[in-house]
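Biologist: Please take me through the ligand site and the empty spaces of this protein, with the reasoning behind each answer.

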Amino acid sequence: MINKMIAATLPYMPKKLVWLFSKRYIAGETIEDAIKASQELNAQGIKVTVDLLGEFIKDLSQATENKDAYLNIIEAFEKNKIDGNYSVKPTFFGLLIDPEVCYQNIRTVVAKAAEYNNFVRIDMEDSPCVDEEIKMFRRLKKEFPKNVGLVVQAYLKRTLPDLENMMDMQNGTGLNYRLCKGIYVEPAEIAYKKYEEINENYIKDLDFMLKNEIYPGIATHDKNLIQPAYDLIKKYNVPKDKYEFQMLYGVTPELRQSIIDEGHTMRVYVPFGKDWFGYSTRRLKENPKMAMLIIKALFSR
Ligand code: FAD
């Protein structure tokens, strides 16, 4: 109860207080910070996917700025030979203002990554964005078959049918999805709400992917999903280079290491940028126990 109350007040907490918690989850504010964090992860044998923080912009000039920022990130990461790829949030490029402008912005980013034979993952946002994001993925996949992937969310009831519908793209160059539980608050008509149901659907989605030779980014920190994932990898005899595990920067490092020790590929999502507040409050809402710890630390000084 108290944790829920803390979670509800998070967006109103002073930035300095939220930063106390956030610094664990964010690589820093600048490209240099993100490169440094990525180099440290690479040195531990961990790949990265880098994300410039921000979403739901208010005007299209911000979308252009964000596209240009990503072009700079790609140049800097490639120059520094980071073992990693790029994650983008379509609302950050204008999806909810003008889907065509958003498409053109993301297309430019994917084209830049493709120049380096690299890859851009389209993060999945809340349910009003799903159709547009799938549409955008379809369009990009035609032009850049090897350089673009999508995220799907196991809490959405539509995800398995969506995966089935998108099978027409699984020809020759293959499909690459990140499978996560999903982070947004969605209505019960369209989303599973119970932990067990979400996990059950997660495993069904993963089973579908592995059975159909789709490359999954198995994105979770839930140890109850890791063993079933191992079991499916074994069941379908999936080679090590045909899937990967993914985690968020700073979350469950011990579990992460145990997966690496088993010999699986691990990629860490490295968020950075000045706009860290919204991202951090979402992480705090996921894990309000951390918020409690911050408050304790604050008052014990
Ligand atoms: P949970 O059941 O939520 O958590 C399992 C356990 O993990 C918890 O008990 C706790 O021990 C630990 N844990 C989880 N989160 C935290 C935390 N913040 N701090 C400390 N411990 C924690 N969601 C989207 O909707 N769209 C996306 O595009 C998207 N991309 C993602 C990319 C990656 C690489 C990852 C890992 C997640 C992404 N997510 C995305 C978020 C995801 O949907 C989940 O909300 C989030 O990962 C928590 O789910 P979980 O699978 O870890 O399971």
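Biologist: Which residue has a backbone N or O atom 2.8 Å from a nitrogen atom of the ligand?

Modeller: The model is predicted. A polar contact here is a pair of N or O atoms within 3.5 Å. At 2.8 Å from a nitrogen atom of the ligand, one backbone N or O atom meets that limit, and it belongs to methionine 124.

Biologist: Which residue has a polar backbone atom 2.6 Å from an oxygen atom of the ligand?

Modeller: Two backbone pairs involve ligand oxygen. In one, a polar backbone atom of isoleucine 183 is 3.0 Å from an oxygen atom of the ligand. In the other, the distance is 2.6 Å, and the residue is glycine 182.

Biologist: How much of the ligand's accessible area does the protein cover?

Modeller: The reference is the ligand on its own, with an accessible area of 930 Å². Of this area, the protein covers 82%.

Biologist: Which element gives the most residues to the shell around the ligand?

Modeller: Elements that give two or more residues to this shell are β4 (148-153), β5 (176-180), β7 (244-248) and α11 (276-286). The top contribution is three residues, and it comes from β7.

Biologist: Why does the ligand lie between two domains, and which are they?

Modeller: The shell holds 25 residues, with Tyr25, Lys181, Gly182, Thr220 and His221 coming nearest. By class, the shell has twelve nonpolar, seven polar and six charged residues. Because both domains give residues to the shell, the ligand lies between domain 1 (1-26 + 276-301) and domain 2 (33-272).

Biologist: Which element gives the most residues to the lining of the largest cavity?

Modeller: The largest cavity has a volume of about 50 Å³, and its lining includes Met124, Val130, Leu150 and Asp162. At least two lining residues come from each of α6 (130-143), β4 and α7 (159-165). The top share is three residues, supplied by β4.

Biologist: How many residues of each class line the largest cavity?

Modeller: Among the lining residues are Ile134, Val152, Gln153, Leu156, Arg158, Thr159 and Met166. Divided by class, the lining has seven nonpolar, two polar and two charged residues.

Biologist: How much space lies in the second largest pocket?

Modeller: This pocket is lined by 29 residues, and Thr173, Leu175, Asn176, Tyr215 and Lys242 lie nearest its centre. β2 (84-88) and α8 (195-211) each supply at least two of the lining residues. By class, the lining has ten nonpolar, nine polar and ten charged residues. The space in the second largest pocket is about 670 Å³.

Key:
Residues are numbered from 1 along each chain as its sequence is written. This is a predicted model: local features need pLDDT of at least 70, side-chain atom pairs count only at pLDDT 80 or more; totals for chains, interfaces and linings use all residues. Side-chain values use heavy atoms; hydrogens and water are left out. A residue is near a molecule or strand if one of its heavy atoms lies within 4 Å of it. A polar contact is a pair of N or O atoms within 3.5 Å; within protein, one must be able to donate a hydrogen and the other to accept it, and residues adjacent in sequence count only if both atoms are side-chain atoms. Accessible areas come from the Shrake-Rupley method with a 1.4 Å probe; for residues, only the protein chains shown count as cover. Helices (H or I, at least four residues) and strands (E, at least two) are DSSP runs, numbered from the N terminus. Ala, Val, Leu, Ile, Met, Phe, Trp, Tyr, Cys and Pro count as nonpolar, Asp, Glu, Lys and Arg as charged, and the others, Gly among them, as polar. Domain bounds come from an automatic or database domain assignment. On a 1 Å grid over the protein atoms alone, a cavity is a set of points where a 1.4 Å probe fits but cannot get out, and a pocket is an open set with protein on both sides within 12 Å along at least five of seven lines; lining residues have an atom within 4 Å of a point. Grid points are joined across faces, edges and corners, and a volume is the space filled by probe spheres set on the points.
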